[in-house]
Amino acid sequence: MRLKSIAALLLLLLLWSFAASASEPLPATDTFYRTPNEDSPVLCDHDFCFWQMNEGELDEEIVWEVLMQPLTVLEGKQREQIRVRARAAEDCKDYVGVVTCASQGVHVLRQEGEWTLIEAYSSAEEGSAVEVWAERFQGYVKTALLRELPVDDQYGLVIDKLQQRLYVYKEGHLFSTLLCSTGYPREDTPFNETPAGEFAVVSWVGAFWSGSLYCDKALRINSGIMIHEVPCLITKDETTGAEKRDYSRCERYLGEKASHGCIRVQKELTPEKVNAEWLWKNLSRKPVTKVIIWDEIGRELGYPEEDYPLYYNPKGGKQYHSSPYCALVKSKYLPLTAFTWGELEEAPYNKLTACPGCAPQLRREEIDVLNMKNTRK
């Protein structure tokens, strides 16, 4: 009997060792995890929700569970905003934050009859009387304003403000990764910060101008905040009169904060043939597509595992890639040749630049700079 127990234990250890060795190397992820609600005045008592999930979470099952949960929003028009009170009283003029109606999800903490205590990230805009910019708060709204919004069960989006990536999830799995740029606030423009939280794609706005920049394929998720194609400058050819679009001014900032609050998305195709135009054509209108935005407050990005795979074209390629079948590489060079993230600083890989289409892992120095620039505590 004892020999059988030892044999069973040895078999278990062998299986565990095989599973560990067969597991895929991990990309860059947070050095430690935090949840949005963990240091809030009133803690969440739900079984599980966005406010209890780890920001930067890589587990597909966990992310999908949150993406499939219905949104609780406030009744009203898409550009209408509600000022949230510090106390459950009509005469309370102490406002702790702003919530956008119809598209911004709120975290219901406690219903108290006519009033409900909620949690959210403030969506106050430029000129708002409530100068709470993208900060998490808890306060009271009228219970009668709350309504539940069902969400699409095919696609969901996750935007990570720390890594400046937009992740497309399809039917429970990570489908594609895109470079993006969220809001870049300065001391005189704190309202440019993109609020975190849960949102819904509620309208297909299309094209609009932002100063001299032309922004196309815009999808509204939060009052004036939209997911749209990276902006371009439009000029005319002096000889032919044909329209010319120059994306270079804003494309070089994809992967870092750069916008006035919107989420700029790459126009280049990912290996899965996804870009801003794909989002425009494929996301669900009804039921709505759910969007999760992770904040970067208090977070720190770690390094990928040394053997995490990257790819390049040894026949003169100047970029490194996340996929052996990058859509920006000519088919005659596919599949690309593999190497590892740990070799990225060695010749010949140390002279390669990151591909703008397939969002490969950052270099060690770039991760250090990203963490240094993240001053939001």
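Is Cys355 buried or exposed? Select Cys355 and take a look: its relative accessibility is 2%, so this cysteine counts as buried. Bear in mind as you click around that this is a predicted model.

**Stop 1: the cysteines**

Stay on Cys355 and add Cys326 to the selection. Cys326 holds the cysteine sulfur closest to that of Cys355, at 3.6 Å, which is too far for a bond. The cut-off for calling a disulfide is 2.5 Å between the sulfurs.

Now jump to Cys215 and show Cys262 along with it. Here the sulfur of Cys262 is the closest cysteine sulfur to that of Cys215, but the 7.0 Å between them is too far for a bond. Cys215 has a relative accessibility of 3%, so it counts as buried. And if you're tempted to keep hunting, a search of the whole structure turns up 0 disulfides.

**Stop 2: the sheet**

Switch to cartoon view and pick out the 9 strands of the open sheet. Walking across, you pass E11, E18, E8, E9, E10, E17, E14, E13 and E12 in that order, with mixed pairing. Colour the two ends, E11 (197-200) and E12 (203-210): each has a single partner strand, so one side of each has no neighbour in the sheet. Look along the sheet and you'll see the strands turn against one another, by 30 degrees on average between neighbours, ignoring direction.

Next, zoom in on E14 (residues 225-229) and E17 (residues 263-265). These two run parallel and are joined by 3 bridges. For a landmark in this pair, select His228, which stands opposite Arg264 in E17.

Then bring up helix H2, residues 60-67, which packs on the sheet. H2 touches E8 (151-160), E9 (165-170), E10 (173-181), E11 and E18 (288-294). Compare directions and you'll find about 115 degrees between H2 and E8.

**Stop 3: Ser284**

Where does Ser284 sit? Go to the loop between helix H4 (276-282) and E18, and you'll find it there. At 12% relative accessibility, Ser284 counts as buried.

Show what's around it. Setting aside neighbours within four places in sequence, Ser284 is in contact with Asp152, Trp204 and Thr289. For a link across the sequence, draw a C-alpha to C-alpha distance from Ser284 to Tyr155: 7.7 Å in space, although the two are 129 residues apart in sequence.

One last thing to label: a polar atom of the Ser284 side chain lies 2.4 Å from the backbone oxygen of Pro287.

Terms used. Residues numbered from 1 in each chain as written. Predicted model: local features only at pLDDT ≥ 70, side-chain atom pairs only at ≥ 80, totals over all residues. Heavy atoms only, no water. Pairing = 2+ DSSP bridges. Helix = DSSP H or I, 4+ residues; strand = E, 2+ residues; numbered from the N terminus. Axes fitted to C-alpha atoms, helices over the stretch in contact; angles between N-to-C directions. Contact = heavy atoms within 4.5 Å. Buried < 20%, exposed > 50% of the residue type's maximum accessible area, 1.4 Å probe, protein only. Polar contact = N/O pair within 3.5 Å; in protein donor to acceptor, adjacent residues only side chain to side chain.
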